[in-house]
Amino acid sequence: MCSSDLPHLGFKGNMPDILSAIGLRQLPQQHRWQNNRREMTEFYQRELVRYNFKYQQVPEYMKSAYHLMSIILPSTVSRDRFIQNMKEKGIICSVHFKPPYELGAFSNKIGRPCTVANFMYRFLVSLPLYSDMTTHEGEQVVQAIKEILP
């Protein structure tokens, strides 16, 4: 399902002027967007409590951007099948993590597979989460999960 690769180490550090201009116009909305993503993250966690998913923990002394809502699926659930089932219901989930040793740029630099990274890659899924997501959209995601994982 996840076929991305990083064949070479390097940097891409340019940003076109138009993207800079758009970013400057959006910057004042950042706090509102971040609060909405936090609220949606809390909504997911409340609504999905019966599944005992593991989530990224944010220590009290830190502040998260809440840019991803990742869940760790139970080991009895196929990540790829879960993502496909969600897609069939019109909901796109993502894999935002591939172990570095599986990327071309690192394949000769890391001597052994990392067991924790391997586990996370097999079971970590990112649910839809974006700045202007509504509770109704979150309810659709939760309902699809409840239909797939009764």
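This note goes through a predicted model, from its overall make-up to single residues.

1. **Overall make-up.** The protein has five helices and two strands. Read from the N terminus, these elements follow the order α-α-β-α-α-β-α. Along the principal axes, the C-alpha atoms fit a box of roughly 45 × 45 × 35 Å.

2. **Burial and surface.** The chain has 150 residues, and 33% of them count as buried. The accessible surface is about 10500 Å². Carbon and sulfur atoms hold 54% of that surface.

3. **Contacts along the chain.** Take the contacts in the protein with a separation of 6 or more: 75% of them join residues 24 or more positions apart. Points 6, 8 and 10 name some pairs of residues that lie far from each other in sequence.

4. **The largest pocket.** The largest pocket holds about 280 Å³ of space. Its lining is made of 14 residues, and those closest to the centre are Thr41, Gln45, Gln56, Val58 and Tyr66. Helix α2, residues 30-47, and strand β1, residues 69-72, each give at least two residues to the lining. The largest share is that of α2, with four residues. By type, the lining has seven polar, five nonpolar and two charged residues.

5. **Salt bridges within α2 and at the start of α3.** The model contains three salt bridges. Side chains of opposite charge can pair when their charged atoms come close. One of the three joins glutamate 42 to arginine 38, with 3.4 Å between the closest N and O atoms. Both residues belong to helix α2 and sit four residues apart, about one turn of the helix. Glutamate 42 is partly exposed because its relative accessibility is 36%, between the limits of 20% and 50%. Arginine 38 is also partly exposed, at 25%. Another bridge pairs the side chains of aspartate 80 and arginine 79 at 2.9 Å, N to O. Here the partners fall into separate classes: aspartate 80, at 30% relative accessible area, is partly exposed, while arginine 79, at 7%, is buried because its value is under 20%.

6. **The salt bridge to α5.** Lysine 89 and glutamate 147 meet through their side chains at 2.7 Å, N to O. This bridge ties together distant parts of the chain, as the two residues are 58 positions apart. Lysine 89 is in the loop between α3 (79-88) and α4 (115-123), and glutamate 147 is in helix α5, residues 135-148. Lysine 89 has a relative accessibility of 39% and so counts as partly exposed. Glutamate 147 is partly exposed as well, with 45%.

7. **Positive phi angles.** Most residues other than glycine have a negative phi. Which residues depart from this in the loop between α2 and β1? Asparagine 52, located in that loop, has a phi near 55°. Its relative accessibility of 65% is over 50%, so asparagine 52 counts as exposed. Tyrosine 66 is found in the loop between α2 and β1 too, and its phi is positive at about 50° although the residue is not a glycine. Tyrosine 66 is also among the residues closest to the centre of the largest pocket.

8. **Valine 49.** The loop between α2 and β1 also contains valine 49. Is this nonpolar residue buried or exposed? Valine 49 is exposed, because its relative accessible area of 57% is over 50%. Its C-alpha lies 14 Å from that of glutamate 139, a residue 90 positions away in sequence.

9. **Glycine 104: place and exposure.** Glycine 104 is in the loop between α3 and α4, which is also the loop of lysine 89. With a relative accessibility of 29%, glycine 104 is partly exposed.

10. **Glycine 104: neighbours.** What does glycine 104 touch, apart from residues up to four places away in sequence? Its contacts are Asp5, Leu6 and Pro7. Glycine 104 and leucine 9 are separated by 95 residues in sequence, while their C-alpha atoms are 9.1 Å apart in space.

Definitions and conventions. Residues are numbered from 1 along each chain as its sequence is written. This is a predicted model: local features need pLDDT of at least 70, side-chain atom pairs count only at pLDDT 80 or more; totals for chains, interfaces and linings use all residues. Side-chain values use heavy atoms; hydrogens and water are left out. On a 1 Å grid over the protein atoms alone, a cavity is a set of points where a 1.4 Å probe fits but cannot get out, and a pocket is an open set with protein on both sides within 12 Å along at least five of seven lines; lining residues have an atom within 4 Å of a point. Grid points are joined across faces, edges and corners, and a volume is the space filled by probe spheres set on the points. Ala, Val, Leu, Ile, Met, Phe, Trp, Tyr, Cys and Pro count as nonpolar, Asp, Glu, Lys and Arg as charged, and the others, Gly among them, as polar. Buried means under 20% relative accessible area, exposed over 50%, partly exposed in between (1.4 Å probe, protein chains only). Contact means heavy atoms within 4.5 Å. Accessible areas come from the Shrake-Rupley method with a 1.4 Å probe; for residues, only the protein chains shown count as cover. A salt bridge is a side-chain nitrogen of Lys or Arg within 4 Å of a carboxyl oxygen of Asp or Glu.
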